[in-house]
Amino acid sequence: MTERRINPVGRAATADVVRASVGGLRLAVLDCEQTANFMVDAVYPKRRVNRPLYLTSANGEVLSRCSSEPITDRLFRAADLINADGQPLVMVSKLRSPNPLPERVATTDLFHVVARKAEELGLTFYMFGADEAENKTAVANVRRAYPNLKIVGHSHGYLRGEALRAKVEEINALAPDFLWVALGVPYEQAFVDEFMPQLGNVGVIKTSGGLFNFLSGSRSRAPRWMQMVGLEWAWRLWLEPRRLFWRYLTTNPHALYLLFNKTRPSFPKRD
């Protein structure tokens, strides 16, 4: 795979992680707990590499966009690890791949697992993204839930030009173990692509989509049964029909085609 050949640092750091090719992307065969452990192991007791490890997530929309948008495809393939944040990806992998994904790794769930571990070990967070009100409320809620968690800084994501560059310098100076970037696809991936060279003091960067909206309480998760059968997209569509109807209409059928035609086994030490 191209992304493996051009990313030797990430390849070495993630060599022990098994992948499966699902819908055209190579996804980590890890559950939520294992992903959190991987993130913690990357920074504790000392950082594994001299640049941030970059983790992102893929769902059906991402599969569709990577297949049809070369820039988005390049941004995702630059990641050191891609998790499956979509139950349909897990379900199809169990049908089509001898190396199936164990479970959906939703960033909304992963955040809490990493927060509990970070609180215990004294590891640090920086939360970047969403608008100012959402960001502040999300941070306040996290601090209430995890009073011993060290959040060294936070900022909304509506920054451009010199203000954004200054914020990146601030983040790097604070040197968080985990930087959560919630700007939405593909803006958060583009942020990592542009600014990773200036974030050498950061341990792990995790793109986070709408995470802060859930942490703030402005959006609610689908009922558990809908999550388990792959219908969380329907819940979101019901809540935000104007924003999501056209997106799902154009990407869901394409994603299903990719899942059933571009899913095959892939192993950790093979190009």
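## A buried pair in helix 10

F191 is buried, as is F195, in what is a predicted model. Both residues belong to helix 10 (residues 187-195), where they stand four residues apart, about one turn of the helix. Their ring centres are 5.2 Å apart and the ring planes meet at 50°, so the pair of F191 and F195 is tilted.

## Aromatic pairs and a cluster

The structure contains six aromatic pairs. A pair of aromatic rings is described by the distance of the centres and the angle of the planes. For F125 and W180 the centres lie 5.5 Å apart and the planes stand at 55°, so this pair is tilted. Because F125 is located in strand 5 (residues 124-129) and W180 in strand 7 (residues 178-182), the pair ties together parts that are 55 residues apart in sequence.

F125 and W180 are both buried, and these two residues, together with F111 and F178, form one aromatic cluster.

## The surroundings of D85

Where along the chain is D85 found? D85 is in the loop that runs between strand 4 (81-84) and helix 6 (87-96). With a relative accessible area of 19%, D85 falls under the 20% cut-off and is therefore buried.

When its neighbours within four places in sequence are left aside, D85 is in contact with S57, A58 and N59, and also with R104, V105, A106 and T107.

Note on methods
Residues are numbered from 1 along each chain as its sequence is written. This is a predicted model: local features need pLDDT of at least 70, side-chain atom pairs count only at pLDDT 80 or more; totals for chains, interfaces and linings use all residues. Side-chain values use heavy atoms; hydrogens and water are left out. Helices (H or I, at least four residues) and strands (E, at least two) are DSSP runs, numbered from the N terminus. Buried means under 20% relative accessible area, exposed over 50%, partly exposed in between (1.4 Å probe, protein chains only). Contact means heavy atoms within 4.5 Å. Rings of Phe, Tyr and Trp (its six-membered ring) pair if their centres lie within 6.5 Å; planes under 30 degrees apart count as stacked, over 60 as edge-to-face and the rest as tilted.
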